[in-house]
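Colleague: I would like to go through the terms used for this model and hear the grounds for each one.

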Amino acid sequence: PIGWRVFGGIPAVYDALASRPRGVTVEFPIYDRRSIYANATYMLNSTRHWQPLINGYSGFVPVSYLQAWSELQSFPQFEALEALHARGVKYIIIHRDAFAGRHGQAAFDAITGIASLAEIAHEGDIHIYRFE
């Protein structure tokens with residue numbers, strides 16, 4: 001048998017980006033080369049807002065993705081914020097449960113203290129921020 005899961009639709013929280021000015025977007029956690037397929041959900045979700053994503057997915061892993069993954073592993077630390085700024089990121093989407101599961105609850109909690117992040121929407125464990 002082939003594994004599958006029921007598609008429950010794209011969460012409505014992504015509508016918060018649909019009417020926003022076009023801007024580079026990243027979703028966290030960002031996955032490494034072995035788990036890059038997990039970004040497929042992010043790509044599906046992006047069809048609700050059509051903002052460009054740093055962490056898309058295809059059968060090919062470009063060097064730029066591996067560089068982004070490496071630079072962003074320390075998020076929300078300053079070095080990762082600088083890397084996001086250098087890449088022109090305007091929107092950050094964080095899946096709290098998965099992010100905290102990989103990086104710890106303290107890393108997620110630290111996000112609220114970052115002045116350059118303003119939450120524009122959240123639903124369930126999905127939080128969307130504007131990054132300046």
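The exchange below takes the terms one at a time.

Modeller: One caution before we start: this is a predicted model.

Colleague: What makes the protein chain as compact as a globular protein of its length?

Modeller: Start with the elements: the protein chain has 6 helices and 4 strands, in the order α-β-α-α-α-β-α-α-β-β from the N terminus. Its radius of gyration is 14 Å, close to the 14 Å that the globule rule gives for 132 residues, so the chain is as compact as a globular protein of that length. The C-alpha atoms fill a box of roughly 50 × 30 × 30 Å along the principal axes.

Colleague: What share of the contacts with a separation of 6 or more comes from residues 24 or more positions apart?

Modeller: Such residues account for 68% of those contacts.

Colleague: Why is Y91 called buried or exposed, whichever applies?

Modeller: Buried means under 20% relative accessible area. Y91 has 3% relative accessibility, so Y91 counts as buried. Its place is in strand β2. Leaving out residues up to four places away in sequence, Y91 touches L17, R20, P21, G23, V24, T25, V26, Q51, I120, Y129 and R130.

Colleague: And why is W50 called buried or exposed?

Modeller: The cut-off for exposed is over 50%. W50 has a relative accessible area of 60%, so W50 is exposed. W50 sits in the loop between α2 and α3.

Colleague: What makes the backbone of W50 worth a remark?

Modeller: Its phi is positive, about 60°, although W50 is not a glycine. Most residues other than glycine have a negative phi.

Colleague: Why does D109 get the label partly exposed?

Modeller: Partly exposed covers the range between under 20% and over 50%. D109 has a relative accessible area of 43%, so D109 is partly exposed. D109 lies in helix α6.

Colleague: How many residues are in the largest nonpolar core, and which have the most contacts inside it?

Modeller: The largest nonpolar core has 27 residues, and F28, F75, L84, I92 and I94 have the most contacts inside it. Two or more residues each come from β1 (24-28), α3 (63-72), α4 (78-86), β2 (89-95), α6 (105-110) and β4 (126-131). Of these, α4 gives the most, with 4 residues.

Colleague: What does I92 touch, beyond residues up to four places away in sequence?

Modeller: The residues are V26, F28, F75, L84, L117, H127, I128, Y129 and F131. Apart from this core lies another, of 9 residues, among them V13, L17, Y91 and A121.

Colleague: What makes a residue eligible for such a core?

Modeller: A core residue has to be buried and of a listed type, Tyr included, and joined through side-chain atoms within 4.5 Å. Y91 is buried at 3%, so the burial and type conditions are met for Y91.

Colleague: Which peptide bonds in the loops before α2 and α4 are cis, and what are their omega values?

Modeller: A cis bond joins F28 and P29, with omega about 10°, and P29 lies in the loop between β1 and α2 (39-46). Another cis bond joins F75 and P76, with omega about 15°; P76 is in the loop between α3 and α4. Most peptide bonds are trans.

Technical notes: Residues numbered from 1 in each chain as written. Predicted model: local features only at pLDDT ≥ 70, side-chain atom pairs only at ≥ 80, totals over all residues. Heavy atoms only, no water. Rg over C-alpha atoms; globule rule 2.2 N^0.38 Å. Contact = heavy atoms within 4.5 Å. Buried < 20%, exposed > 50% of the residue type's maximum accessible area, 1.4 Å probe, protein only.
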